[in-house]
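Let's take a guided walk through a structure together. Have a look at it first, and then we will go through it step by step.

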Amino acid sequence: MSPVRESITKGVVTPVREVPASIARPEYVGRKRAADWRGGDVHSPETIERIRVSAKLAAQALAEVGRHVAPGVTTDELDRIGHEFLVDHGAYPSTIGYPGAAGRPPFPKAICTSVNEVICHGIPDSTVIEDGDIVKVDITAFKDGVHGDNCGSFIAGEGTEASRKLVEVTHEAMMRGIKAAQPGRQVNVIGRVIEKYAARFGYESVRSYTGHGVGPAFHTGLIIPHYDAAPHHDDVIEVGMTFTVEPMLCMGSEDSHEWDDGWTVVTNDGSWVAQFEHTIVITENGPEVLTLP
Ligand code: MF3
Ligand code: CO
Ligand code: CO
């Protein structure tokens, strides 16, 4: 199940990197929690154009960081690359200062780096990437008042056949979920398709972390499960909606727990995980992926 290396342990986190004062911050930075979003998930063409810009930047940053995933590189170095790319393009890295659960510290870094059995929300630190690791990189850009959010899985070196299969199937599961997101359907169709496809390969789809409405808020309150949640999560997909589809598939059980850093989520059985994420907009012709470089 975990073919190559020892389990992941906490490394040393470097001080928070600076963002120039000229770059506007999201409302939640410096606050205890993010404001509740009450503006809905259907956006005007003008807002969608701004989301397009943030989403494209997030995708370009992800591609740039992904190019640097290799044995010997620390996850902190990946953070530096993602951080510099975003601020150089006038964007705020949405995760810096994102409030945690009650009594927990805010997220301190520009990207999430989640290695092997880490499902999501890994904090970049002194951890050195080893040959065969699956490194999930999640990057969100905030520019002109809106967020664009995406994630990819990168294997350091060749990886095992089992790891390559997991990564390939997770990407395909995301794309199938996106294609199912047609106007008039309930959002629960997305997870149904993803979970069914994952099961063909014996993979479990993580239930505790979901896709979400994204745009003027990082997480609008709309939830997009990656499992068959019917009859729940019956929100109807409408033209003009923007949200993420971001399945996490596990080689073993999806049961998970959080580290005492308040962020890092790992599988209980140590089984490895892959994730992909796109921000999409629903058009009259169906879903369109916005997080493309
Ligand atoms: N980008 C993640 C998502 O897909 C959220 C990360 S929040 C953080 O929703 F605080 F952990 F960075
Ligand atoms: Co997301
Ligand atoms: Co994300």
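Which residues surrounding ligand 1 are the closest? Among the 14 residues around ligand 1, the closest are Thr 95, Asp 138, His 212, His 219 and Glu 246, where a residue counts as near if one of its heavy atoms lies within 4 Å. Before going on, note that this is a predicted model, in which local features need pLDDT of at least 70 and side-chain atom pairs count only at pLDDT 80 or more, while totals for chains, interfaces and linings use all residues. Residues are numbered from 1 along each chain as its sequence is written, chains are lettered from A and ligands numbered from 1 in the order in which they are written, and side-chain values use heavy atoms, leaving out hydrogens and water.

Now look at the polar contacts (pairs of N or O atoms within 3.5 Å). Asp 138 has a polar side-chain atom 3.0 Å from a nitrogen atom of ligand 1. Two histidines face oxygen atoms of the ligand: a side-chain N or O atom of His 212 is 3.0 Å from one oxygen atom, and for His 219 the distance to an oxygen atom is 2.9 Å. On its own, ligand 1 has 340 Å² of accessible area, and the protein covers 96% of that (by the Shrake-Rupley method with a 1.4 Å probe).

Next come the metals, whose donors are N, O and S atoms within 2.8 Å (3.2 Å for Na, K and Ca); water is not among the atoms, so sites may look incomplete. For the cobalt ion (ligand 3), Asp 138 gives two OD donors, joined by Asp 149 (OD) and Glu 277 (OE), at 2.1 to 2.4 Å. The cobalt ion (ligand 2) is held by Asp 149 (OD), His 212 (NE2), Glu 246 (OE) and Glu 277 (OE), lying 2.0 to 2.2 Å away.

How far apart are the two cobalt ions, ligand 2 and ligand 3? They lie 3.2 Å apart, and Asp 149 coordinates both. Along the chain, the donors of ligand 3 are spaced D-x10-D-x127-E, and those of ligand 2 follow D-x62-H-x33-E-x30-E.

Conventions:
Polar contact = N/O pair within 3.5 Å; in protein donor to acceptor, adjacent residues only side chain to side chain.
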